[in-house]
Amino acid sequence: MAASTGSIRLSPNVLNLPLRPPAVVARSAASLDLLTGGRVELGLGAGAFWEAIEAMGGRRLSPAQAVRALAEAIGIMRRDLASG
């Protein structure tokens with residue numbers, strides 16, 4: 001879609017952060033943003049479908065733990081992008 005358009009903003013489905021390393025997400029999103037001329041919007045999720053997360057190797061978190069982990073992941077992503 002990005003290659004066929006020039007003004008549509010792109011937003012993938014919400015990324016379930018308990019299943020993805022934050023630095024990898026940051027670099028992937030930054031690369032896609034560069035390729036699209038700044039048209040990427042990133043949606044991040046703290047996790048909700050814990051049975052599926054556990055089935056894929058993630059660990060179940062309480063709601064408070066999930067929010068703390070999301071905040072930590074955002075901090076990692078920001079530091080990773082700032083260090084470039």
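1. Starting with the helix pair: helix 1 and helix 3 are oblique to each other. That label follows because their axes cross at roughly 50 degrees, and angles that are not under 35, over 145 or from 65 to 115 degrees count as oblique. The two axes, for residues 22–35 in helix 1 and residues 63–83 in helix 3, come within 8 Å. Helix 1 passes helix 3 in a right-handed crossing. Keep in mind throughout that this is a predicted model.

2. Who actually touches whom here? On the helix 1 side you'll find Pro22, Ala23, Val25, Ala26, Arg27 and Ala30, and they meet Ala73, Ile76, Met77, Asp80 and Leu81 of helix 3. Sorted by class, this contact has nine nonpolar residues, two charged ones and no polar ones.

3. Stepping back to the overall layout, the protein has three helices and two strands. Going along the sequence, the order is β-α-β-α-α. If you want a feel for dimensions, the C-alpha atoms fill a box of roughly 40 × 30 × 20 Å along the principal axes.

4. On burial and contacts for the whole chain: of the 84 residues, 29% are buried. Among contacts with a separation of 6 or more, 72% are between residues 24 or more positions apart.

5. Now the largest nonpolar core, which has 12 residues in all: Leu15, Leu17, Val25, Ala26, Ala46, Trp50, Ile53, Leu61, Ala66, Leu70, Ala73 and Met77. Helix 1, helix 2 (50–55) and helix 3 are the elements that give two or more residues to this core. Which element gives the most to this core? Helix 3 does, with four residues. It's worth comparing with point 2: Val25 and Ala26 of helix 1, and Ala73 and Met77 of helix 3, take part in the helix 1 and helix 3 contact and are also listed in the core.

6. Leu17 deserves a look of its own. This residue sits in the loop between strand 1 and helix 1, and its relative accessible area is 9%, so Leu17 counts as buried. Beyond its neighbours within four places in sequence, Leu17 is in contact with Val25, Leu44, Gly45, Leu70, Ala73 and Met77. Take Leu70 from that set: Leu17 and Leu70 are 53 residues apart in sequence, yet their C-alpha atoms are 7.0 Å apart in space.

7. Next door in sequence is Asn16, in strand 1 (residues 15–16). Is Asn16 buried or exposed? Buried, because its relative accessible area of 18% falls under the 20% cut-off. Leaving out residues within four places in sequence, Asn16 is in contact with Gly45, Gly47 and Ile53. Ile53 is also one of the core residues.

8. Leu61 is another core member to check. Once residues up to four places away in sequence are set aside, Leu61 touches Trp50, Ala66 and Ala69. Trp50 and Ala66 are in the core list as well.

9. Last, the start of the chain. Thr5 lies in the segment before strand 1. With a relative accessibility of 23%, Thr5 counts as partly exposed. Thr5 and Leu15 are 10 residues apart along the chain, and their C-alpha atoms are separated by 23 Å. You could set that beside the pair in point 6, where Leu17 and Leu70 have C-alpha atoms 7.0 Å apart with their positions 53 residues apart in sequence.

Methods:
Residues are numbered from 1 along each chain as its sequence is written. This is a predicted model: local features need pLDDT of at least 70, side-chain atom pairs count only at pLDDT 80 or more; totals for chains, interfaces and linings use all residues. Side-chain values use heavy atoms; hydrogens and water are left out. Axes are lines fitted to C-alpha atoms, for helices over the stretch in contact, and angles run from 0 to 180 degrees between N-to-C directions. A crossing is left-handed if the near helix is turned anticlockwise from the far one by less than a right angle, and right-handed if clockwise. Contact means heavy atoms within 4.5 Å. Ala, Val, Leu, Ile, Met, Phe, Trp, Tyr, Cys and Pro count as nonpolar, Asp, Glu, Lys and Arg as charged, and the others, Gly among them, as polar. A nonpolar core is a set of buried Ala, Val, Leu, Ile, Met, Phe, Trp, Tyr and Cys residues joined through side-chain atoms within 4.5 Å. Buried means under 20% relative accessible area, exposed over 50%, partly exposed in between (1.4 Å probe, protein chains only).
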